[in-house]
Structure formats: C-alpha cells, structure tokens
Amino acid sequence: MTKLEFPEVDESLYREVLENGLTVCVVRRPGFTKKLAYFVTDYGSIHTDFLLDGQVYHAPAGVAHYLEHKMFDMPGGRDVSAEFAAWGANTNAFTSYDMTAYYFSCTDHFPECLRLLLEFVSTPCFTQESVEKERGIIDQEIGMNLDSPDSVVFDELMKAMYSSHPIRVPILGTGETIRQITPQVLNQCHRAFYTPQNMMLCVVGDVDPEEVAAIARQMLGMEKREAGRKLRPWQEDMGCLRQETSRAMEVAMPMFQMAFKCEPVGRGDEAIRQEMVADLAAEALFGESSELYLKLYEEGLIDSSFGGGFETIDGCAMLMCGGDSEDPRAVREAVLAQGARLAEEGLSERRFQRMKRSALGRRIRDLDSFDGTCFRVCAYHFSGFDYFRFPEVYRNIQKEEVQSFLRRVVQAERCALSIVRPLE
Amino acid sequence: MMQTIHLLPGVTLRVFRDTRFKQGCLSFQLAGPMNKAESAMNALLPSVLLRGTNRCPDLRSITERLDTLYGAGVSPLVRRIGDYQTCGLYCSFMDDRFALPGDRVMGDMLAFLEELLLDSPLEDGGFRGFFVESEKKNLISAIESELNDKRIYAMNKLLKTMCSADTFGLPRLGSVEDVAAIDPAALRRHYETMLRIRPIEVFYVGSGEAAQVADLLTPMVSKLERQVLPLPEQTDFHSCPGRDEVEIMEVTQGKLCMGFVTPITNQKKEFPAMQVLNTLFGAGMTSKLFQNVREKLSLCYSIGSAYYGSKGILVVSAGIDFDKEEKTRREILRQLEDCQAGRITREELEAAKQAIISALRATHDSPRAIEGYYATAALSGIRLTMPEYMAAVKDVTVEQAAEAARSLELHTTYFLKGASQ
C-alpha cells in the first residue's frame, strides 16, 4: 500500500486500488482500541436510473435504502448482526442521497469482523418472502419520518427547489414506490453498483494496512467487473420550482429550512475548493460570528437551533440554513438583505483570516471522531480528493472568491423557503 | 491514568491526560440537588453566561474570540445525574501542537472560561435583563420543542407519570412556568450562592499535564469564596401508583412506552447483571426485542430498552401502528418472561457482555466520551472503577441475568396514538 503523510493534521493514510478496482484506505491510529470499517458504495437514493449490460433500468424510488436493509440477510438464515455481536462488534448501515455505507466498530477480532463485512455486503440473498416482510418495517420507518418535522421540512424544501432532480423524493421512497420493489429489482441494483470498482473500503484504527488489503483481496476476488453507468436525466436551472412551501404539524413553534440553489461542484481539487469557499461564505453570511446571526438572535427571530452550511449531492448543491422561528419569512428577507450588503461592501481581511483559522481548527478537532473521519475520507474520495489535504486548500482561498460566490448565489430567484407550522 | 486534585474545598479537578487526541476538552460543573425550585434556573444559567462578558459584550465578540482560538467551542452543560442536576460549561479546543508558533490555545481558552464564569456584565445587581429575557425565551422554546421528537416526547411523558413522587420525574430543563418566572437579580443571587456552596467538578482530557491545568485554573478558583454544603446521598426510586396512559395527537405512527422498576440501582452488586440483562433484552440489533418484535414480527421500525441505573428504572419504547398496541405490548412482556425464565442462550449472554465491554473500552478513544463517563461517574454513586465494572460484567451468568429480569415490575405504560383512531 502507498503511505501518504499529512503532517499538518498529524495523519497518515495508506491507500491502494486493488486488481478488482476496489479502493482500500486505512487511517492508522496507533494506540487506539476502537477500530471502525466502512464499506461504501458510490450509490444512493438518487441513482434510480442506470445502464447495465446495454440495458436501461428505471428502479423505483427508495430502492437503495431497501437494498441496504436487505443486505443483512444471508443464505441459510445466518444472522449477520448476531455474528458481529459474538465478537463484541456493532454493525449498522445508512443510505444517503448519493452513497450507501455499511460499517462495524469493534475493539477485538478485527480481521474476522472485516471478513464478515465484506462477505455480507457482497452476498445478495433476496427472497420474495423476506422482501415482503421488510416492507412492514420500512413502512414504519417512513411513518416515523412523516411525524418528524425535521424530515418533513427538508423533504418539502427539496420538492419546492427542484423540478426534476430525484432529490425531490425522500431517501426512503414513499409507501407507493416501495411497493414496486421486488427481489429482481434489488438484484439488478446490487449487480450494478455493488461491484468493487464502484466501492471503497475505509478503516480507521490501529490495524495493519497490508492485512486489510489482503483480506479484501481474499474476500472479493481479483475479477474486475464494470459497474452500472448512472444516468442523470435531470435538467435543473438555478431557479426554484416554488419559492415557498408550508405544512401544519404537531410542533410547538414554526420551524423552517431555506436554501439557495447553487451550481453542482463536480469532482477533484477544484470542486473541493469551491465547496470550502461555499462553507466560508455560509459562515460569513449567517454563521455565529456574522452580523446577521447576532442581529436575528438579539431580535429573537432565531435561537440556538439555527444553523446552516453548504450541501453538495451528486447533481445539486445548496447554501442552506434553518431552525425554529416565529417568523421564517422575516429571516428569509434578512438573509437576502445581508447577502446584498456583503456583495456590495465585501468582507474585511481580518474577519476573513479569522474565519479561515476557525474553520481549520474545527476540522482538525473533528478528526478525533472515528466516524466523522471515516465518513469524510469516503465521501471526499468519491469526489476525487484526499480529505486530509484540507489545510492547503484553506490556505489558498482568497476572500474575493467568497465574495463573488455570495454575489452570485444569494439571489431571491434561487431561494426557496419551507415552513412547518403548528396545527391551528 | 486519571489524576484527582482538590483545588479548594469542594473544587475537584480530574485530569485524564492523553496525548493521542487533536483537541482538549474541559468541563466545569456546579452540582446541586435536582429540585423544582432550582432546576429552571440551573438550566438557564449557562446560556446567560454565554451571552457576554465585560470584555466581550455580545455574541459576535464571543464568537470572534472563539474563532481566534482556532474555532474553539464553549457550550452550555445541563445534566441530570440521579437526584442531582449539574450545570456549567463545556469547552473543546484544538491541541496546541497544531497552532501557529507562539499561540497557546489552552491557556487562552481557560482565561476566556474564567471571563465567562466570573466576569458577566451586571445591571442593578443582576445579570443583564436583555440577556436573561432572550435566553428565557430560547429555553422555553427548547422545552416546548420536545414535542417535535415524538419518541423523546413520549418517553418524557412516561417518566413524568411514573416518577411523580421522585426527582426523576422533574423535567431536566425545568417547566415553562418556572422559566418564565425567573428574574435577572434572583438568577444572579442563585448563581452566587451556587458558586459559594455547591461542589464544583472540573474535568479535563487532553495532552496537558495535570499540574499545568491546575496552575491555569488556580487563579480563577481562588477568587471564589467557598462555604461548601455537601450533597445529600443519592436515593433509590420513590414509588407512586402506576398508570396506563393514552394520549391522542395528530401523528402517523404510535409510540408505545413501558416503564419497569427494579430495586437494582448502580450502587448494588447486581448492577452489572442488570446492565447485561438490559442489553440482551432490548439494547441494539441483537437484542430479543429487536430480533423478535421487529425482525420476526415486523411490528415496528424502532424498538429498544434503556436502563437508568441511578434509579432502577428500565423503559421500553417502540414506534408502531396504532392497532398493533396490544400485540406489541404482549410480545414485549413475552420476551421479558423468557428472560425471567432463564431462556437466554449462551450466544445472547456473551454478545451482551461483549457489547458492554467493547463500549466501555472504546470510551477511552473519544475525548467527549471520556468526559461523559468520568465527569458523571463520581457523582452518580457508582462504586465500581471501570476495570472492576468490566470484570463484573464478564462474570455475569444466565441465572444472574434472569434474576435481574425477575426483579423488574411493570409500573406504568404510555401510548401516543393518532387522532384518526
């Protein structure tokens, strides 16, 4: 494996692309007891349309998440969770818009756990009966999200902002779409996207990197197989479908999410730079050290639940903020006004340097989290970037970039607001 | 690994020195008995302290100060630990080794902490009225927002009902009425009293030496005039008659909560057995509840149990369809009966023990988890050290876990269901 050193953040990363196309990364953490492994596919809820072996597939919404649930089934009724548990390990998985991750954490029996992780994620075993049974569980999960104002306010915002991008549909799909999911659909999606070429294995902990690579070779074989090609049929301009959406629910006070539609950032160094510019822009516009935050907080229009940042997902990006507020519309107007002011007056160099220092320090502190580190190494890898290089990116960002981002993005026509208000 | 230093009467500094981390964390907690008269004030206090100091008079200057300290964080800390409530501040800051030459983050952070704690701007002998009023509004909205997460809301309702005779039934952040009644002068007086009479627990984890941390803190604590009142001992659960409660709301999914009581608290020798029982019964994906109620019967997406060792309370909660209440309830009790009858496989027992031991061992890999464990363990009344605790968990037998299960009695249930039914 190739060893990459990042002395500025006191990290070293071992990496190798195996013969079968799988990227293996190990973040060595000498002296730590915990070991965390992520086996991730570059495939999420929005990738419903794809080309495989010359044929076009349109899978129902919610299939990536359904598949995540069903991967835990093994032939012969083997119980994956119980096998991990017997080694004192914890296993779980999550599905996002553009990634599905399976992971375990353990303190002992790391090689056995790693073998099991690789085995179960690469062993499809879907029967009619078990797929049927899972529907009840996923129905309940969908029901739980329908009762969660945080989920509803976000899902409604996506529906208002995007006209054709599949981010319009919740990650779990809907009660209707999940009824179209069959073992055959799951098999097609697994075949398309769970091939080593489309995946990544990332381990954080005090482990031997060569052993990790050896186990991956042994469990997944050497054969390279083409992954399905994702089709991205959506057409999105920077305008929003609707500027505002509102729903009544059992909540104590109104809550909101608002966002400005941004151009997708793509891949590689330039993309990451754009993302970090946008992060700094979010901080300058409505972060805790901004004039706007102070003003709105002191006026009582926002409280400590307020927060925001820049989000990127395959094919879309947005500058967003939200929280509880008695008057979400007034917050929106204030954000727009502050954007206009910043565009005109610019940022002071002192403030800009302080923001960079703060962002850098927070990212360094976040590296203490195994989960956060593993997640970021994987997500940035799929964006074509070594995460631990973030200090050099920050160093090179100029304040003019942040200003021009704000000037371009903070515009009324790019903005949508989603409100969840209490029932009458 | 851990060093305990008594800085002043009732001011304890615990230092967990560890050079592996990229940050240091320090918590400052005032510990008092949980009671209705003080809980709202204790919950409000840290947020008011964080609104401004004489040198940094508003939120913006505070954030700027933290930004200069490489994005350090200070957040309010309000905890319930058995019969006690603690309040204070939690700081996390980048380790000095990443800072530019000449910068010392920890030293500056602790100087800032002193300002936040001891140099608030005052008005007419009280905290600034504007700060207090606006934080009262925020706290009230935080209390009311508990309604937004129906699982937490349902659990709080269950605990409130089953602990109506115990401090454990008091809301952690106080009630809306109690918060609304706080005035800036009374809050200031309360704070000054706390600083004088309440035990102070300071916990640090990071690369600094204990002596260095003590040196940095001594000037601050020396400013306090202390007349410490020792805390009363933690008490067992104070029971009241149980109830079956149903609440109707506009929701899609029902929430069923069942509360059990046991004489086994964290001070008893059976405590490790109860932890093992809770884990195999309802904690995690391999538990009996998850495997049977969710996986075999598909009755729910979420199900789990939690054991509050300080009071001897075990709660089960499940998110279900409204018409599955009876069936789910029966199934939960049936799983418990299996535990009581000792129908626990070797695998279930070993997995539960392993899960607890792994979690305890992994505690030492995260600064936040280290703080969370050690800064509360001393107050919680738990008498075992971590190695003793792990050893005791290892020794738990099926019969001991079954005995722990037999000590559980169903006390109260709460069901949140939709208006449509």
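## Salt bridges and the A–B interface

The side chains of A:Asp73 and A:Lys70 form a salt bridge, with N and O 2.9 Å apart. The model is predicted. A:Lys70 is buried, at 3% relative accessibility. A:Asp73 is partly exposed, at 22%. Elsewhere in chain A, salt bridges with shared partners link A:Glu244, A:Arg329, A:Arg332 and A:Glu333 into one network. Over all chains, the structure holds 71 salt bridges.

A further pair within chain A is A:Arg217 with A:Glu19, whose closest N and O atoms are 3.0 Å apart. A:Arg217 sits in helix α7 (residues 209-220) and A:Glu19 in the loop between β2 and β3 (23-28), so this salt bridge ties together parts 198 residues apart in sequence. A:Arg217 is partly exposed, with a relative accessible area of 22%. A:Glu19 is partly exposed too, with 40%.

Now the interface. Chain A contributes 62 residues to the contact, and chain B contributes 62 residues. The area buried between the two chains is about 5400 Å², with carbon and sulfur atoms giving 52% of that area. A:Gln140, A:Arg357 and A:Arg365 supply 14% of what chain A buries against chain B, more than any other three residues.

Which polar links cross between the chains? The rule finds 7 salt bridges across the interface. It also finds 35 residue pairs in polar contact, both residues at pLDDT 80 or more. On the chain A side, the elements giving two or more residues are α2 (80-86), β7 (90-95), α4 (128-146), α9 (291-298) and α11 (349-366). The residues on that side divide into 24 nonpolar, 15 polar and 23 charged.

The salt bridges discussed here include two that join chain A to chain B:

| Pair | Closest N to O |
|---|---|
| A:Asp10 and B:Arg97 | 2.9 Å |
| A:Glu11 and B:Lys22 | 2.8 Å |
| A:Arg217 and A:Glu19 | 3.0 Å |
| A:Asp73 and A:Lys70 | 2.9 Å |

A:Asp10 forms a salt bridge with B:Arg97. The pair runs from the loop between β1 (2-6) and β2 (11-17) of chain A to the loop between β5 (84-94) and α3 (105-118) of chain B. A:Asp10 is partly exposed, at 41%. B:Arg97 is also partly exposed, at 37%.

Finally, chain B itself. Its secondary structure comes to 15 helices and 13 strands. The radius of gyration is 23 Å, close to the 22 Å that the globule rule gives for 421 residues, so chain B is as compact as a globular protein of that length. Its C-alpha atoms fill a box of roughly 60 × 45 × 40 Å along the principal axes. Buried residues make up 62% of the chain's 421 residues. Of the contacts in chain B with a separation of 6 or more, 82% are between residues 24 or more positions apart.

Terms used: Residues are numbered from 1 along each chain as its sequence is written. Chains are lettered from A and ligands numbered from 1 in the order in which they are written. This is a predicted model: local features need pLDDT of at least 70, side-chain atom pairs count only at pLDDT 80 or more; totals for chains, interfaces and linings use all residues. Side-chain values use heavy atoms; hydrogens and water are left out. Contact means heavy atoms within 4.5 Å. Buried area is the accessible area (1.4 Å probe) that two parts lose on being put together, summed over both. A salt bridge is a side-chain nitrogen of Lys or Arg within 4 Å of a carboxyl oxygen of Asp or Glu. A polar contact is a pair of N or O atoms within 3.5 Å; within protein, one must be able to donate a hydrogen and the other to accept it, and residues adjacent in sequence count only if both atoms are side-chain atoms. Helices (H or I, at least four residues) and strands (E, at least two) are DSSP runs, numbered from the N terminus. Ala, Val, Leu, Ile, Met, Phe, Trp, Tyr, Cys and Pro count as nonpolar, Asp, Glu, Lys and Arg as charged, and the others, Gly among them, as polar. The radius of gyration is taken over C-alpha atoms; the globule rule is 2.2 Å times the number of residues to the power 0.38. Buried means under 20% relative accessible area, exposed over 50%, partly exposed in between (1.4 Å probe, protein chains only).
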